[in-house]
Amino acid sequence: MDVTGLRAAATSSLHWSRASSLLCPFFKPNSFHFPLSLSSPRFSRLCSLPERGRMNALPNGVSEVVAEEDPQSKFFQVVLVSPQIPGNSGCIARTCAASSVGLHLVEPLGFQVDDAKLKRAGLDYWPYVVVKVHSSWAEFREYFRQQEGEKRLLAFTKRGTNIHSEYSYRRGDWLVFGSETSGLPPEALLDCNSEPLGGGTIRIPMVETYVRCLNLSVSVGIALYEASRQLNYEQLQNVSESCMDSGTPLVAEDIFA
């Protein structure tokens, strides 16, 4: 390499060094840290999935700081039915942590829940989001029926009858999204469209002539923050300070059950 090439390489290295120092402190190249190992007695009893042989444990520390009983986490809920791409689900988990809402994954999934890409996309925000895995839509439906208070299922689909920014959201709404490859299954659409469970179908406008669909994590972000905006981001106003300084995990017993 000539002198010019060496100089260019050194300049590039310097630029990266400066840029990396400005990045979010949670981001360290090739180093993603999660608070607990599965061998930790504080976490080992939370994951009950292996009993059915379905998949391994969710990322370490999931829900360690927030509890399922936290009223803020029940303000809205995000439901992913058969998501296929781990990076999308990880990004959505991060969005749920940032907006203080719960996340539900309905099997079958297109990945194992200990997938490195899932962990990486969620960074180290996993302790701040309540995640629950359901073995099927039928199991999720039964779980939903048992939840107290006013609630409704809202299906987000390309063929929805309501535009997302014109729909009136309310506390207790569950925002339901389908697979990246096949969308929502018929039984989910039926429940979302039918009384007493459903509140209808919703679409996010887009150019359809050359774009098949929006990215799943982008769609969830658009929908969730529009719903939050309409309710003046109320679920963000009273987030417990224990999320920042509590040394004791507040995890509900039935998470991942």
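Here a biologist and a modeller talk through how to read a predicted model of one protein chain.

Biologist: Let's start wide. How many helices and strands does the chain have?

Modeller: Keep in mind that this is a predicted model. The chain has 7 helices and 7 strands. Going from the N terminus, the elements run α-β-α-β-α-β-α-β-β-β-α-β-α-α. Of the 257 residues, 46% are buried.

Biologist: And in what order do the strands sit in the sheet?

Modeller: The 7 strands form an open sheet, in the order β3-β2-β1-β6-β4-β7-β5, and the pairing is parallel. Look at the two ends: β3 (131-134) and β5 (162-163) each have a single partner strand, so one side of each has no neighbour in the sheet.

Biologist: What about β6, which partners does that strand have?

Modeller: One is β1, running parallel to β6 and joined to it by 5 bridges. There, Phe76 has Asp173 as its bridge partner. Another is β4, also parallel, again over 5 bridges. On that side Arg152 is the residue bridged to Asp173. Strand β4 in turn pairs with β7 over 4 bridges, with Leu153 opposite Gly198.

Biologist: How do I read the two faces of a strand like β6?

Modeller: In a regular strand, side chains alternate between the two faces of the sheet. For β6, Asp173, Leu175 and Phe177 are on one side, Trp174 and Val176 are on the other, and all are buried. With 5 of its 5 residues buried, β6 is largely enclosed by the rest of the structure. As for what lies across the sheet, helix α4 (residues 137-146) crosses β1, β2, β3, β4 and β6, at about 125 degrees to β3.

Biologist: Can you give me one residue in the sheet and what surrounds it?

Modeller: Try Leu154, in strand β4. Leu154 is buried because its relative accessible area is 0%, and the cut-off for buried is under 20%. Beyond its sequence neighbours, Leu154 touches several residues, including Tyr167, Trp174, Leu175, Cys192 and Ile202. Val79 is 75 residues away from Leu154 in sequence, but their C-alpha atoms are 9.6 Å apart.

Biologist: Now charges. How many salt bridges are there?

Modeller: Side chains of opposite charge can pair when their charged atoms come close. In this model the count is 6. One of them joins Arg141 and Asp191, with the closest N and O atoms 2.7 Å apart. Arg141 is in helix α4 and Asp191 in helix α5, so the pair ties together parts 50 residues apart in sequence. Asp191 counts as buried at 11% relative accessibility, while Arg141 is partly exposed at 21%.

Biologist: Asp173 came up twice already. Which side chain meets it in a salt bridge?

Modeller: Arg152, at 2.5 Å from N to O. That pair links strand β6 with strand β4, 21 residues apart, and both residues are buried. Arg170 and Glu150 make another salt bridge, at 3.3 Å. Those two sit in loops, Arg170 between β5 and β6 and Glu150 between α4 and β4, so the pair ties parts 20 residues apart in sequence. Here Glu150 is exposed at 55% and Arg170 is partly exposed at 33%.

Biologist: Last one: which residues make the nonpolar surface patch?

Modeller: Val207, Tyr210 and Val211, covering about 300 Å². Val207 is in the loop between β7 and α6, and counts as partly exposed at 44% relative accessibility. For the chain as a whole, about 13400 Å² is exposed, with 53% of that from carbon and sulfur atoms.

Terms used: Residues numbered from 1 in each chain as written. Predicted model: local features only at pLDDT ≥ 70, side-chain atom pairs only at ≥ 80, totals over all residues. Heavy atoms only, no water. Patch = residues over 30% accessible without salt bridge, like charges linked within 9 Å, V, L, I, M, F, W, Y side chains within 5 Å. Areas by Shrake-Rupley, 256 points an atom, 1.4 Å probe, with all protein chains shown as cover. Salt bridge = Lys/Arg side-chain N within 4 Å of Asp/Glu carboxyl O. Buried < 20%, exposed > 50% of the residue type's maximum accessible area, 1.4 Å probe, protein only. Pairing = 2+ DSSP bridges. Contact = heavy atoms within 4.5 Å. Axes fitted to C-alpha atoms, helices over the stretch in contact; angles between N-to-C directions. Lists of a residue's contacts leave out its neighbours within four places in sequence.
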